[in-house]
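Student: I am new to this structure and would like to go through it step by step. Could you take my questions one at a time and show how each answer is reached?

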Amino acid sequence: MDCDTGRGGQQMKQHGPYLKLYGIDLEEDRIRRIPPGIYDHLLADSATSLPFADASFDTIVAGELVEHIPAHELPVMLREFHRLLWPGGRLLLTTPNPHSYLVNLRQHDIFADPSHINIMAVSVLSGHLSETGFASTRVTGSGKVSRHPGERFPLFNGYGSYLTVSQKGGMQFSTNTDSKYNRSMIYSNECLRIREWNDKHSPKTNVPQSYD
């Protein structure tokens, strides 16, 4: 979702050339600027109402998107993502961490960006995901800091952003390269660190892990 420059899709294609990627962005100008050969399909549309049948995708990736969605529209968008996923499918979201040390030290003011209208703590976003019907959610650190200590650094608020990986209840989908389930939708403002996402970020239990 919100495929922006196409960098996120490019990284996913490098990781899994067999993936069938659908890129969606609200702005048609961005769609036109994306280089050819990354996405199988491109569409300019809203994330709250998409022209796809139920259970059309195995994975939806939306990086640095939810903070731009008005609070009253967020549940609508999450329900739409849930509808579009296969049973066992995954939703990956990244968003700024409002409790980041850099934010608290005024070194990085995410609240100064007027487009950031819905910045949420982990517990708030995790609550929305649970209310939408996602069976489990894992949370790891994201952003630039994760390039160095990784995603499981014990001081979670050292991360400027965080990643939630939520799974829709139901059967597990196949990860075979010939599977009809290998359809992913990208709606991201930034390039996600997707390497190894297919295995490393798959929720293993139904017990959510969260940070305050």
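Student: Is Arg32 exposed or partly exposed, and what is its relative accessible area?

Tutor: This is a predicted model, and the values in our talk are computed from it. A residue counts as exposed when its relative accessible area is over 50%. Arg32 passes that cut-off and is therefore exposed, with a relative accessible area of 57%.

Student: With which residue does Asp29 form a salt bridge?

Tutor: Asp29 is partly exposed, its relative accessible area being 41%. It sits in helix H2 (residues 28-33) together with its partner, which is three residues away, so about one helical turn separates the two. The closest N and O atoms of the pair are 2.2 Å apart, and the partner of Asp29 is Arg32.

Student: How many residues apart in sequence are Asp54 and Arg83, whose side chains meet in a salt bridge?

Tutor: The side chains of Asp54 and Arg83 meet with a distance of 2.8 Å from N to O. This pair links distant parts of the chain, since Asp54 lies in the loop between strand E2 (41-44) and E3 while Arg83 belongs to helix H3, and the separation is 29 residues.

Student: Which of these two, Asp54 or Arg83, counts as exposed, and which as partly exposed?

Tutor: Arg83 has a relative accessibility of 24% and therefore counts as partly exposed. Asp54 has a relative accessibility of 53%, so the residue that counts as exposed is Asp54.

Student: Which residues are joined into one network by salt bridges that share partners?

Tutor: The structure holds six salt bridges. In one of them the side chains of Arg30 and Glu27 meet at 4.0 Å, N to O, and Glu27 counts as partly exposed because its relative accessibility is 42%. The network built from shared partners consists of Asp25, Glu27 and Arg30.

Student: What kind of aromatic pair do Tyr22 and Phe57 form?

Tutor: The structure holds five aromatic pairs. For Tyr22 and Phe57 the ring centres are 5.0 Å apart and the planes stand at 85°, and planes over 60 degrees apart count as edge-to-face. Tyr22 lies in strand E1 (residues 20-25) and Phe57 in strand E3, so the pair ties together parts that are 35 residues apart in sequence. The pair is therefore edge-to-face.

Student: Which residues do ring pairs link into a cluster?

Tutor: We have already met two of the members, and both Tyr22 and Phe57 are buried. Ring pairs link these two with one further residue, so that the cluster is made up of Tyr22, Phe57 and Phe52.

Student: How many of the residues of strand E3 (residues 57-63) are buried?

Tutor: Strand E3 is joined to strand E4 (residues 85-96) by six bridges, and the two strands run parallel. Within this pairing, Val61 stands opposite Leu92 in E4. Strand E3 is mostly covered, and the number of its buried residues is seven of seven.

Student: Which helix makes a right-handed β-α-β unit with E3 and E4?

Tutor: A unit of this kind has a helix between two strands, and the strands here, E3 and E4, run parallel. The helix that completes the right-handed unit covers residues 74-84 and is H3.

Student: Is Phe134 buried or exposed?

Tutor: Phe134 lies in strand E5 (residues 134-142). Leaving aside residues up to four places away in sequence, Phe134 touches Leu78, His82, Leu85, Leu91, Leu129, Ser166, Gln167 and Lys168. Its relative accessibility is 5%, which is under the 20% cut-off, so Phe134 counts as buried.

Student: How far apart in space are Phe134 and Lys168, C-alpha to C-alpha?

Tutor: Lys168 is among the residues that Phe134 touches. The two are 34 residues apart in sequence, while the distance in space, C-alpha to C-alpha, is 4.7 Å.

Student: What percentage of the residues of the protein count as buried?

Tutor: The secondary structure of the whole protein comes to six helices and seven strands. The protein exposes about 10100 Å², of which carbon and sulfur atoms supply 51%. Of its 212 residues, the share that counts as buried is 51%.

Definitions and conventions:
Residues are numbered from 1 along each chain as its sequence is written. This is a predicted model: local features need pLDDT of at least 70, side-chain atom pairs count only at pLDDT 80 or more; totals for chains, interfaces and linings use all residues. Side-chain values use heavy atoms; hydrogens and water are left out. Helices (H or I, at least four residues) and strands (E, at least two) are DSSP runs, numbered from the N terminus. Buried means under 20% relative accessible area, exposed over 50%, partly exposed in between (1.4 Å probe, protein chains only). Contact means heavy atoms within 4.5 Å. Accessible areas come from the Shrake-Rupley method with a 1.4 Å probe; for residues, only the protein chains shown count as cover. Two strands pair if DSSP finds at least two bridges between them. A crossover is right-handed if, with the strands pointing away from the viewer, the path from the first strand over the helix to the second runs clockwise. Rings of Phe, Tyr and Trp (its six-membered ring) pair if their centres lie within 6.5 Å; planes under 30 degrees apart count as stacked, over 60 as edge-to-face and the rest as tilted.
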